[in-house]
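Reader: I have a new model open and would like to learn how to read its features one by one. Could you walk me through it?
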Amino acid sequence: MISFLPKDIADSYAIQALFKGAANEAQQLRAIKCLVEEICGTYGMTFDPESDRNTSFNEGKRHVGRVLVGIANISLGVVKAAEEKIEKRKVIIKTKGRPNG
């Protein structure tokens, strides 16, 4: 058995369809749920009493899941406001007459 495959083979098919851009709505939802909950372990326990390394690795996976959930749930107004704030802060530094940064 391949260790990184989801428990349910239908999840694997849904993830493949999602990556190919061919997933229907049900497959998209199934794939995202599997990625966030099972693959990333977003809502699970990350502590491994046997290994600090495994705990750190699990926290890294969980972080990816939390970022995905955060992006999915953030208000687009907040994104737009942040984008505008960044644009206002951009400063062109000239070095010997050429823009730099």
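Reader: Let me start with S51: is it buried or exposed?

Author: Buried means under 20% relative accessible area, exposed means over 50%, and partly exposed is in between, with a 1.4 Å probe and protein chains only. S51 has a relative accessible area of 17%, so it counts as buried. This is a predicted model, in which local features need pLDDT of at least 70, side-chain atom pairs count only at pLDDT 80 or more, and totals for chains, interfaces and linings use all residues. Residues are numbered from 1 along each chain as its sequence is written, and side-chain values use heavy atoms, leaving out hydrogens and water.

Reader: Where does S51 lie, and what lies 2.9 Å from a polar atom of its side chain?

Author: A polar contact is a pair of N or O atoms within 3.5 Å; within protein, one must be able to donate a hydrogen and the other to accept it, and residues adjacent in sequence count only if both atoms are side-chain atoms. S51 sits in the loop between α2 and α3 (52-73). The backbone nitrogen of N54 is 2.9 Å from a polar atom of the S51 side chain.

Reader: Helix labels next, please. How far should helix α4 span?

Author: Helices (H or I, at least four residues) and strands (E, at least two) are DSSP runs, numbered from the N terminus. The expected span of a helix is 1.5 Å times one less than its number of residues. Helix α4 (residues 76-89) has 14 residues, so it should span 20 Å, and its end C-alpha atoms are indeed 20 Å apart. At the start of α4, a side-chain oxygen of S75 comes to within 3.1 Å of the backbone nitrogen of G77.

Reader: How many salt bridges are there?

Author: A salt bridge is a side-chain nitrogen of Lys or Arg within 4 Å of a carboxyl oxygen of Asp or Glu. The count comes to 4 salt bridges. One of them pairs D8 with R30, with the closest N and O atoms 2.8 Å apart. D8 is in the segment before α1 (9-20) and R30 in helix α2, so this pair ties together parts 22 residues apart in sequence.

Reader: Which other side chain meets R30 in a salt bridge?

Author: That is D11, at 2.5 Å, N to O. Since D11 lies in helix α1 and R30 in helix α2, the pair ties together parts that are 19 residues apart in sequence. At 10% relative accessibility D11 counts as buried, while R30 is partly exposed at 34%.

Reader: Which residue forms a salt bridge with K33?

Author: An α-helix has 3.6 residues a turn, so residues three or four places apart point the same way. K33 forms a salt bridge with E37, the closest N and O atoms being 2.8 Å apart. Both lie in helix α2, 4 residues apart, about one turn of the helix. Salt bridges that share partners join D8, D11 and R30 into one network.

Reader: Finally, where is confidence lowest and where highest?

Author: Here pLDDT is the predictor's confidence in each residue, from 0 to 100. The chain averages 90, and 88% of the residues score at least 70. Confidence is lowest in strand β2 (residues 98-100), with a mean of 58, and highest in helix α2 (residues 25-39), at 98.
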